[in-house]
Amino acid sequence: MCNEKVFQTFFNNHGTLLRNFLYYKFGSLTEVEDIVQDAFIKLWNNCKKVTPETAKSYLFTIAINQSKSVLRHNSVKLKHQKEVKHINNTTTNQSPEFILEEKEFQTKLENAISSLPERQREVFLLNRIEKKTYNEIAELSGVSVKAIEKLMHKALLKLRTEITNIP
């Protein structure tokens with residue numbers, strides 16, 4: 001593999017194949033191009049250790065491992081960006097009055113939900129918090145979808161009345 005002509009032929013035969021494989025597997029063409037280039041550089045640097053028979057396997061292993069490393073790194077970057085965004089969102093220029101009103105509303109909402117009858121509260125929380133559909137809730141409860149719709153309707157009316165103080 002240390003012969004330039006052999007390496008060039010190997011590159012011509014496998015470069016596009018590796019690029020397409022990584023692109024289909026991991027996406028992001030710009031990162032894939034860099035990974036392919038790095039994999040061939042590592043192959044060239046270790047050409048004395050690699051035979052032509054094992055070169056393809058060696059190349060793909062390097063490229064796949066590098067791709068996984070890049071994905072892990074991007075995942076960490078994304079997590080960090082989300083944390084920074086969350087910090088920025090929580091430290092916005094909201095007035096103290098707005099923050100107080102928001103807390104009061106949250107308390108009012110929690111009290112209103114806890115004052116719902118048990119069946120209405122259960123249906124409301126399953127639908128709005130756990131994102132279950134009416135069909136799923138009906139199956140869990142052993143009742144018809146119509147019964148779930150009626151319970152949800154009653155729960156929403158009661159919550160609206162308690163939160164807005166309008167009878």
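Lys-131 sits in the loop that joins helix H5 (118–128) to H6, and in this predicted model the residue stands out by its backbone. Its phi is positive, at about 60 degrees, although Lys-131 is not a glycine. Most residues other than glycine have a negative phi. The side of the story you can see from solvent is simple: with 65% relative accessibility, Lys-131 counts as exposed, because the cut-off for that class is over 50%.

**Two helices that cross**

Just past this loop comes helix H6 (residues 134–141), whose axis comes within 8 Å of the axis of helix H7 (residues 145–164). How are these two helices oriented to each other? They cross at roughly 105 degrees, so H6 and H7 are roughly perpendicular, a class that covers 65 to 115 degrees. On the H6 side, the residues that take part are Tyr-134, Asn-135, Ile-137, Ala-138 and Ser-141, and they meet Val-145, Ile-148, Glu-149 and Met-152 of H7. By character, this contact holds six nonpolar residues, two polar ones and one charged one.

**Two domains and their cores**

Let us step back to the whole chain. It is divided into domain 1, covering 1–94, and domain 2, covering 95–167. The centres of the two domains, taken over C-alpha atoms, are separated by 49 Å.

In soluble globular proteins, nonpolar side chains tend to be buried together. Here the largest nonpolar core has 20 residues. Met-1, Phe-10, Leu-18, Leu-22, Phe-40, Leu-43 and Leu-59 have the most contacts inside it. Helix H1 (4–26), helix H2 (29–45) and H3 are the elements that give two or more residues to this core, and H3 supplies the largest share, with seven residues. Apart from this core lies another one of 14 residues, including Val-123, Leu-126, Ile-137 and Ile-148. Two of those names, Ile-137 and Ile-148, also appear in the contact of H6 with H7.

Leu-43 gives a good view of how the larger core is put together. Not counting residues up to four places away in sequence, Leu-43 touches Met-1, Phe-7, Phe-10, Val-50, Ala-55, Tyr-58 and Leu-59.

**Polar residues in buried places**

Which residues does Ser-67 contact beyond its neighbours within four places in sequence? This serine lies in helix H3 (residues 52–90), and its partners are Leu-22, Phe-26 and Ile-35. Its relative accessible area is 2%, so Ser-67 is buried.

His-14, found in helix H1, also counts as buried, at 15% relative accessibility. Setting aside neighbours within four places in sequence, His-14 is in contact with Phe-40, Lys-56 and Leu-59.

**Helix H7 and its surroundings**

Leu-159 lies in helix H7. Is this leucine buried or exposed? At 6% relative accessibility, Leu-159 counts as buried. Beyond its neighbours within four places in sequence, the residue is in contact with Ala-112, Ile-113, Leu-116 and Phe-124. Lys-154 lies in helix H7 too, but with 42% relative accessibility this lysine counts as partly exposed.

Pro-117 is placed in the loop between helix H4 (96–114) and H5. With a relative accessible area of 38%, this proline is partly exposed.

**Sequence gaps and spatial distances**

The table below sets separation along the chain beside the C-alpha to C-alpha distance.

| Residue pair | Apart in sequence | Apart in space |
|---|---|---|
| Leu-159 and Lys-108 | 51 residues | 9.7 Å |
| Pro-117 and Val-36 | 81 residues | 62 Å |
| Lys-154 and Phe-7 | 147 residues | 74 Å |

Leu-159 and Lys-108 each fall in domain 2, which runs over 95–167, and their C-alpha atoms are 9.7 Å apart. The other pairs each bring together one residue of domain 1 (1–94) and one of domain 2 (95–167). Their C-alpha separations are 62 Å for Pro-117 with Val-36 and 74 Å for Lys-154 with Phe-7.

Note on methods: Residues are numbered from 1 along each chain as its sequence is written. This is a predicted model: local features need pLDDT of at least 70, side-chain atom pairs count only at pLDDT 80 or more; totals for chains, interfaces and linings use all residues. Side-chain values use heavy atoms; hydrogens and water are left out. Axes are lines fitted to C-alpha atoms, for helices over the stretch in contact, and angles run from 0 to 180 degrees between N-to-C directions. Helices (H or I, at least four residues) and strands (E, at least two) are DSSP runs, numbered from the N terminus. Angles under 35 degrees count as roughly parallel, over 145 as roughly antiparallel, 65 to 115 as roughly perpendicular and the rest as oblique. Contact means heavy atoms within 4.5 Å. Ala, Val, Leu, Ile, Met, Phe, Trp, Tyr, Cys and Pro count as nonpolar, Asp, Glu, Lys and Arg as charged, and the others, Gly among them, as polar. Buried means under 20% relative accessible area, exposed over 50%, partly exposed in between (1.4 Å probe, protein chains only). Domain bounds come from an automatic or database domain assignment. A nonpolar core is a set of buried Ala, Val, Leu, Ile, Met, Phe, Trp, Tyr and Cys residues joined through side-chain atoms within 4.5 Å.
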